[in-house]
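Let's walk through this protein together, beginning with the whole chain and then stopping at a handful of individual residues. Keep the viewer open as you read.

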Amino acid sequence: MRKPLISVITPSYNQACFIEQTIASVIGQSYDNIQFIIVDGGSTDGSLDIIKKYSSNLFYWTSEPDSGQSDAINKGLKKATGDLVTWINSDDLLLPGSLQAIADAWMKSPSASLFSGDCIRIDPDNKYLSCHVVPPQLGWFSKKGLVYIDQPGTFWRRDLIQTDEGLDTALHTVMDHDLWYRITLQYKNALRLNRCLAAFRLHDKSKTANIQEIFIKEANIIREKHCGGRKQISFTTLLSYRFLKTINGNYFRQYILSNFPPREIQTFLLDLRREYSPNIDCHHRKKLI
């Protein structure tokens, strides 16, 4: 079985504090059949110099104004030709061995529509905060309005989404959930890997920390769109999800990984921060959400 080409897209805008670490986490992967694409929105904070520094490692990059994150990712999707595709934001990280693990999973199950794994949470200084563990995404939950996939650790078959479809540019916080609904409701064969694949960074300038109200509003909109007019997640659906996480051992695994971080991941985070610490003030020390 041939090795899949994996397209990794990084949308970015004024993330000079973190983008070099993001780039390093991608080009440092042991898997070599990668197509790395960076779409910058016209940054003015030094990001462009960092991107140019690694231009020889990139399949394609551009820096020009766009209409937001979804638009930037769509530009990347139009350039991507991989069997599998993902995006990793310019303040997040791919963990060591992630792409090899995804490639191995694809070679065993090439018909799977979507591949996802666990995702850790880190702070601006690469301190390990916790780990989020989810069970396989089931179509039943999607129909009930519950999508629980972590975007940074999720890859999907590029041939399932036409180039002109892409992400909904009207959405600013749940464009990933909208995509997961479209894939899991139509194809249903999502595959979960029992390992940590990516790191999601929490800081005071991240979307997660700043626009919760918009997130809730948009989440209701896409539930109504995909789930037969359903805006809210029912108590029964939430209870079923918690039961599934319990019997699958996901809560136990989440507790262990959150309280006893794997040594190799901690070492990776520390080394990354030491080697790629920026020469500008990047300490976002407001309360994390």
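The accessible surface of the protein comes to about 13,400 Å², and carbon and sulfur atoms account for 51% of that area. Please keep in mind that this is a predicted model. Charged side chains number 35 positive and 30 negative, and the centres of these two sets are 6 Å apart.

How does the overall form compare with a compact globule? For 289 residues, such a globule would have a radius of gyration near 19 Å, and the protein's value of 18 Å agrees with that. If you measure along the principal axes, the C-alpha trace spans about 50 × 45 × 45 Å. Within that span there are 11 helices and 9 strands. Buried residues make up 54% of the 289 residues. Looking at contacts with a separation of 6 or more, 81% are between residues 24 or more positions apart.

Now turn to helix α1, which covers residues 19-27. Is this helix enclosed or open? It is largely enclosed by the rest of the structure, because 8 of its 9 residues are buried. You can pick them out as I19, E20, Q21, T22, I23, A24, S25 and V26. What do these residues pack against? Their partners include the strands β1 (6-12), β2, β5 (93-94) and β9 (190-201), and the helices α2 and α11 are also among them.

Just ahead of this helix, in the loop between β1 and α1, you will find N14. Its backbone is worth a look: phi is positive, at about 50 degrees, although N14 is not a glycine. N14 counts as partly exposed because its relative accessibility is 29%. The backbone nitrogen of N14 lies 2.6 Å from a polar atom in the side chain of S43, so let's go there next.

S43 belongs to the loop between β2 (34-40) and α2 (47-53). Why does S43 count as buried? Its relative accessibility is 11%, and the cut-off for buried is under 20%. Besides reaching the N14 backbone, the S43 side chain makes a polar contact with the side chain of D40, at 2.6 Å. Setting aside neighbours within four places in sequence, S43 is in contact with S12, Y13, N14 and S63.

Further along the chain is helix α8, which runs over residues 212-226. Two residues of this helix make a good stop. One is E218, found in α8; is its place buried or exposed? E218 is buried, with a relative accessible area of 6%. Its side chain reaches the backbone nitrogen of H172 at 3.0 Å. Not counting residues up to four places away in sequence, E218 touches A170, L171, H172, T173 and V174. For a sense of scale, G97 is 121 residues from E218 in sequence, and their C-alpha atoms are 34 Å apart.

The other residue is A219, also placed in α8. A219 counts as buried because its relative accessibility is 8%. How far is A219 from M175, C-alpha to C-alpha? The separation is 9.3 Å, for two residues that are 44 residues apart along the chain.

M175 opens the range given for helix α6 (175-186), and the loop between α6 and β9 holds K188. Here phi is near 70 degrees, a positive value in a residue other than glycine. K188 counts as partly exposed because its relative accessibility is 44%.

Our last stop is F260, in the loop between α10 (250-259) and α11 (263-276). Is this residue buried or exposed? At 54% relative accessibility, F260 counts as exposed, since the cut-off for that class is over 50%. In sequence F260 and Y128 are 132 residues apart, yet their C-alpha atoms are 10.0 Å apart in space.

Terms used:
Residues are numbered from 1 along each chain as its sequence is written. This is a predicted model: local features need pLDDT of at least 70, side-chain atom pairs count only at pLDDT 80 or more; totals for chains, interfaces and linings use all residues. Side-chain values use heavy atoms; hydrogens and water are left out. Helices (H or I, at least four residues) and strands (E, at least two) are DSSP runs, numbered from the N terminus. Buried means under 20% relative accessible area, exposed over 50%, partly exposed in between (1.4 Å probe, protein chains only). A polar contact is a pair of N or O atoms within 3.5 Å; within protein, one must be able to donate a hydrogen and the other to accept it, and residues adjacent in sequence count only if both atoms are side-chain atoms. Contact means heavy atoms within 4.5 Å. The radius of gyration is taken over C-alpha atoms; the globule rule is 2.2 Å times the number of residues to the power 0.38. Accessible areas come from the Shrake-Rupley method with a 1.4 Å probe; for residues, only the protein chains shown count as cover. Lys and Arg count as positive and Asp and Glu as negative; His and the chain ends are not counted. The place of a charge is taken as NZ of Lys, CZ of Arg, CG of Asp or CD of Glu.
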